[in-house]
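Q: I have a new structure open and would like to learn how to read its overall build. Could you walk me through it?

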Amino acid sequence: MVIERAPLEDELGDVLEKAMRLAGCDGPALAARAGLDVARIRDAMDYRSDFTCAEASRLAAALGLNEVGLAALAGGRYPLPEITGLPFCLYPLRMPYGVGVVNAYLVADCPQSHGILFDTGADFSQLCRVWPKNIKKLDAVFITHAETEHIGGLTEVLAAFGPAPVYLPAGANRAGAINLSEGERAEFGGIEVRALHTPGHAAAHNCYSVMMHRVAGATPLLVSGDLLFAGSVGGCYFSAPLLREALRRLFADLPAATVVAPGHGPLTTIRHERSYNPFAV
Ligand SMILES: [Fe+2]
């Protein structure tokens, strides 16, 4: 089991920007609603925030956000959980992308030398740098959504570690790939992957629930793509109402112990994000 810590994908300014977009309001409207000077909102968007707890509470109320989580983020102390109990090896493959980091993940029945890849990152050479030397072959590749930084280098990945089937969300197209709709499953060596159709960030977006049924009581894994991050959510570029609905569903339906492996930022759990994520209300 590989555990690592990575910086949060979003700071307070990013979260406010996404929340304003979800709420359909702008800086002046938010300032009026929260009873704050608009310049304070602008500072936060420029990563120069020094909100007090009371101000963070007013912002949370004005945007319908989780107050505890927003205050923690504003104070630079968003908590992260310890990750335990997965029945398989999880390799987070963390690669630089733009000013941030993008994640792909390998899941393998340790100590096997083959596994399942979730997303590919932006670029094959970057992926190679973080690829675990013991994994020689892929059983399958699952793509959360077909954006550059999540599917880049797929052709080279298949040439190097394939042949392997490629699974895409319904609505995404690639010759030879298999589209997975809501609830559809595939199993490789006792590891089952189930698709959750979760549009919002993109029209064609899947999260993947990963289970190993032969281990009773094992912690499930959710590969959440650009829907749910530790302390934030993906940008709602396709549909804000659908993104909100997909989030509600994750928080309502998934076991609390589920480990969440997001497309950007550190690992977290459903229990933890239910308590602290600014968008979990
Ligand atoms: Fe992304």
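A: Gladly! Keep in mind that this is a predicted model. Let's begin with domains: the domain assignment divides the protein chain into domain 1 (12-74) and domain 2 (89-276).

Q: What distance separates the centres of domain 1 and domain 2?

A: Taken over C-alpha atoms, the two centres are 30 Å apart. Where the domains touch, domain 1 contributes 10 residues and domain 2 contributes 8 residues.

Q: Which helices each supply at least two residues of the side of domain 1 that touches domain 2?

A: Those are helix 1 (12-23) and helix 5 (67-74). Helix 1 gives the largest share, with 5 residues. Sorted by class, this side of domain 1 holds 5 nonpolar, 2 polar and 3 charged residues.

Q: Now the whole chain, please. How many helices and strands does the protein chain have?

A: You will find 10 helices and 14 strands.

Q: And why is the protein chain said to be as compact as a globular protein of that length?

A: Compare two values: the radius of gyration is 19 Å, and the globule rule gives 19 Å for 281 residues, so the chain is as compact as a globular protein of that length. Along the principal axes, its C-alpha atoms fill a box of roughly 60 × 40 × 35 Å.

Q: What percentage of the 281 residues is buried?

A: Buried residues account for 46% of them. Contacts add another view: of those in the protein chain with a separation of 6 or more, 61% are between residues 24 or more positions apart.

Terms used. Residues are numbered from 1 along each chain as its sequence is written. This is a predicted model: local features need pLDDT of at least 70, side-chain atom pairs count only at pLDDT 80 or more; totals for chains, interfaces and linings use all residues. Domain bounds come from an automatic or database domain assignment. Two residues are in contact if their C-beta atoms, placed from the backbone, lie within 7 Å. Helices (H or I, at least four residues) and strands (E, at least two) are DSSP runs, numbered from the N terminus. Ala, Val, Leu, Ile, Met, Phe, Trp, Tyr, Cys and Pro count as nonpolar, Asp, Glu, Lys and Arg as charged, and the others, Gly among them, as polar. The radius of gyration is taken over C-alpha atoms; the globule rule is 2.2 Å times the number of residues to the power 0.38. A residue is buried if 20 or more other C-beta atoms lie within 10 Å of its own, exposed if 12 or fewer, and partly exposed in between; C-beta atoms are placed from the backbone.
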